[in-house]
Structures are given as C-alpha cells and as structure tokens.
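Q: I would like a close look at just one part of this protein model. Please walk me through it slowly, as I am new to reading structures.

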Amino acid sequence: MTLTLFRQTWQRLVAENHFHRWMLLALLATNLFTLAALLQAERTVVLVPPILESQVNVARESASQAVKEAWGLFVTELLGNVTPTTAPFLRATLEPLLSPALRREVAGGIDAQVEALQRDRVSVRFSPEVIRYETSGDLVRVQGKQIISGPNASTVTRPRTYEIQVAFRHYRPMITRLDAYQDEKERQERRDRPVPEPFPDPQPASSTDGPTQ
C-alpha cells in the first residue's frame, strides 16, 4: 500500500466518522422533538359503550355529540323521575356533575323542591320522547311528557322540555347550563332568570292545567 492510497483511505474514514456523528445528533434532535410533541398532544379516548350505537370520542375538553346527548338524557331522567324516597339520592348524584357557577344555587333549589316533594308526598315521572342537539348553542334538549301524581290529587300530565349544556373538563362531564320549561312561552320568560329551576311545581292539585288524558 502506497502512502498516497493510505492517506486517501484515512481521509475517507475520517469524513465518514464526522458524517455519522452529525447524523446521530440529527436523529437525537428529531427524537426529542417527537417526544415533546407526544407529551403536549391531547389524548383522545375512543369508547364503545353499550348504551350507544357506535363509537364515540372523549377528549380532554370536548366530546362527541352522542356523548353529550347520553349525559343529557341521564341528567333528565334523574330530574324527571323523583319520589320522596329517591329525592336525597338525586342531589347526591347530580351535585358533583354541576359546574361551580351552578352548584350552589341549583343545589339550594333542589333542597327546596325536595322538601316540598316529601311534604306533599308527590311523585314526578318523565317520559322522554325526542332528543335534539343544538350545535350553535351546544345544547341538548330532551322533550317528553311529565306526570305529577300524589295521594290527594288527580294526576297531571303536561309537556316538558329539559335544556342541558354538557361540557368536559379533564375528560369528566360538567353541566354548565340546566333549565326546564313547559312550552316556548315559558322558555322566553325564563331567559332572564340567573339560575334555572329544574323541578316542576310540586302541587298537582292546584295546577291550572288539570288532569289530561
């Protein structure tokens, strides 16, 4: 081997060594960038619960429409089916779902209505018929029939609509709006109220609606 050939081979080895070092540094940098992106990316949980017909997505601060409708129906069935014996369970179940802005005043309203239900021994049932989702307001509306009955009064049946807004905080549902009304006129009248009243009048005997068939 001549000195010239040895020098050329050595130079090529040195050049390849430098090239590999820079490649290792570049790969290390890309791996660090990938790791940082993965740590900052919002994870999406994909669920296929038995109560839903298809898979749904629940992210940190959002969820699929079907999830919100399911939670809206769940809250509606809690509020719409109350008896003197189940009323305490209602508050214990509903209160953790309420947003801080609603929790205090809605819980106070629940206490007052629960006391009236227990005093008058009135039972309230709700039969949902239609579930609608309003994209512009991110609202779930559940329409159906409400039946109020008591031992000393005729049964009263009347239309009822529940309006619920379900947000998500750290993958957990939170009720940020809760309202209930009989018709569109009552809905317009209630818009100026700071806190909605989810319960009906627990006095079926004095209701002006009267019993319906």
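**The hairpins and their charged pairs**

A: Let's start with β4 and β5, which form a hairpin with two residues between them. One thing to know early is that this is a predicted model, in which local features need pLDDT of at least 70 and side-chain atom pairs count only at pLDDT 80 or more, while totals for chains, interfaces and linings use all residues. Residues are numbered from 1 along each chain as its sequence is written, and side-chain values use heavy atoms, with hydrogens and water left out.

To place our hairpin, look along the whole protein chain: it has five helices and six strands (DSSP runs numbered from the N terminus, H or I of at least four residues for helices and E of at least two for strands). Their order along the sequence is α-β-β-α-α-α-β-β-β-β-α.

Now zoom in. Strand β4 covers residues 139–150 and strand β5 covers residues 153–169, and the two pair antiparallel over ten bridges (strands pair if DSSP finds at least two bridges between them). Find Gly 150, and you will see it opposite Ala 153 in β5.

On we go to strand β6, residues 172–181, which runs antiparallel to β5 and is joined to it by nine bridges. These strands make a hairpin too, with two residues between them, and in it His 170 takes a positive phi near 55°. Across this pairing, Val 166 stands opposite Ile 175 in β6, and Glu 163 stands opposite Asp 179 in β6.

Is β6 enclosed or open? Seven of its ten residues are buried, so β6 is largely enclosed by the rest of the structure (buried means under 20% relative accessible area, exposed over 50%, and partly exposed in between, with a 1.4 Å probe and protein chains only). Over the protein chain, buried residues make up 32% of the 213 residues. Helix α2 is one neighbour to look for: its buried residues, including Val 67, Val 75 and Leu 79, pack against β4, β5 and β6, among others.

Next come the charged side chains. The structure holds six salt bridges (a side-chain nitrogen of Lys or Arg within 4 Å of a carboxyl oxygen of Asp or Glu). Arg 177 and Glu 163 meet in one of them, at 2.9 Å from N to O. This pair links β6, where Arg 177 sits, to β5, where Glu 163 sits, 14 residues apart. Arg 177 is partly exposed, with a relative accessible area of 32%, whereas Glu 163 counts as buried at 2% relative accessibility.

Arg 177 also forms a salt bridge with Asp 179, with the closest N and O atoms 3.8 Å apart. Asp 179 is buried as well, at 3% relative accessibility. Step back, and you can trace a network of salt bridges that links Glu 134, Arg 141, Glu 163, Arg 177 and Asp 179.

Finally, follow β5 to Arg 169, whose side chain meets that of Glu 61 in a salt bridge (3.8 Å, N to O). Here distant parts of the chain are linked, since Arg 169 is in strand β5 and Glu 61 is in the loop between β2 and α2, 108 residues apart. Both partners are partly exposed: Arg 169 has a relative accessible area of 38%, and Glu 61 has 39%.

Conventions. Contact means heavy atoms within 4.5 Å.
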